[in-house]
Amino acid sequence: TVRLWDVATHREIAALTGHTDRLSAVAFSPDGHLVATAGADRTVRLWSVTDRRALATLTGHTGAISALAFSPDGQLLATAGADRTARLWDVTGHRQVAVLAGHTDAVSAVAFGRDGRTLVTGGEDATARLWDVPARRSVAVLGGHTGWIWSAALGGTDRTLATAADDGTVRLWDLPARQEVAVLPGHSTTHPHVALSPDGRTVAAVGTGAGVLLWDLDVASWRT
């Protein structure tokens, strides 16, 4: 079940049912009109926030789906699956438009760049991959982590990428150079997640059973 809550009144306003197994991913579209959900039943469902009803069920993944993300313009949805693929979906047309294959194990992280032309994926094979969205092809593989990458986030300028893995580190990457520039240790090794502030100056990381760690990227000591 997916539940919608009114943030101002702190009350539940809808319960959206339809998935047949555990849910693991949820995201609002940029305009707030849609919610996308996905999980172990291998489907993606699109919901109307206004009407509180399902609009479409997207099928194609052959394994559980662990992450999803809308493109900045809301036209595409990216999903990450245990079937070793990321997939792109036409949100308006309710259809699959690309299968992005290359990871050698489950894919568990997806993140779009600010202009929607770059997609980052990460997974159990300990690599992050950069994809050219219009061309539907991989343009770089970033290696360095020694464990499963659970989360990826891009900074406001799309210059800095942060990835979090169960090797206990957050790593920062210079995307234009496609190089690792920092290893930030000390966070949880269980289901870690990472976020970059809109100005790209602060990194936050969290994991199961751990507090939130913050790094100031203006401080020179974090660089390798």
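**Strands, a tryptophan pair and a surface patch**

Good morning. I begin with V212, which is exposed, at a relative accessible area of 58%. What I show today is a predicted model, and the values I quote are computed from that model.

Where in the fold does V212 lie? The residue is found in the loop that connects β20, residues 202–206, with β21, residues 213–216. Together with V206 and L214, V212 makes up a nonpolar patch on the surface, with an area of about 280 Å².

Strand β21 also holds D216. This aspartate is partly exposed, because its relative accessible area of 41% falls between the 20% limit for buried and the 50% limit for exposed residues. Between the C-alpha atoms of D216 and G186 the separation is 15 Å, and the two residues are 30 apart along the chain.

I turn now to the sheet. Four strands form an open sheet in the order β7-β8-β9-β10, and their pairing is antiparallel. Which strands stand at the edges? They are β7, residues 65–70, and β10, residues 95–101; each has a single partner strand, so one side of each is left without a neighbour in the sheet. From one strand to the next, the twist averages 20°.

Within this sheet, β10 pairs with β9, residues 85–90, in the antiparallel sense, and 6 bridges connect the two. If you wish to locate this pairing on the structure, please look for R87, which stands opposite V99 of β10.

A second antiparallel pairing joins β13, residues 127–132, to β14, residues 137–143, again over 6 bridges. Here A128 has L142 in β14 as its bridge partner. The two strands, β13 and β14, form a hairpin with 4 residues between them. In the turn, R136 has a positive phi, at about 60°.

Finally, the aromatic residues. How many aromatic pairs does a search of the whole structure find? The search returns 1. The pair consists of W148 and W150, whose ring centres are 4.5 Å apart; their planes meet at 10°, so the pair counts as stacked, the cut-off being under 30 degrees.

Are these two tryptophans buried or exposed? W150 has a relative accessibility of 19% and therefore counts as buried, since the limit is 20%. W148, at 22%, is partly exposed. The two values thus fall on either side of that 20% limit, and the labels should be read together with the percentages.

Thank you. I am glad to take questions.

Terms used:
Residues numbered from 1 in each chain as written. Predicted model: local features only at pLDDT ≥ 70, side-chain atom pairs only at ≥ 80, totals over all residues. Heavy atoms only, no water. Pairing = 2+ DSSP bridges. Axes fitted to C-alpha atoms, helices over the stretch in contact; angles between N-to-C directions. Phe/Tyr/Trp six-rings, centres within 6.5 Å; stacked < 30°, edge-to-face > 60°. Buried < 20%, exposed > 50% of the residue type's maximum accessible area, 1.4 Å probe, protein only. Patch = residues over 30% accessible without salt bridge, like charges linked within 9 Å, V, L, I, M, F, W, Y side chains within 5 Å. Areas by Shrake-Rupley, 256 points an atom, 1.4 Å probe, with all protein chains shown as cover. Salt bridge = Lys/Arg side-chain N within 4 Å of Asp/Glu carboxyl O.
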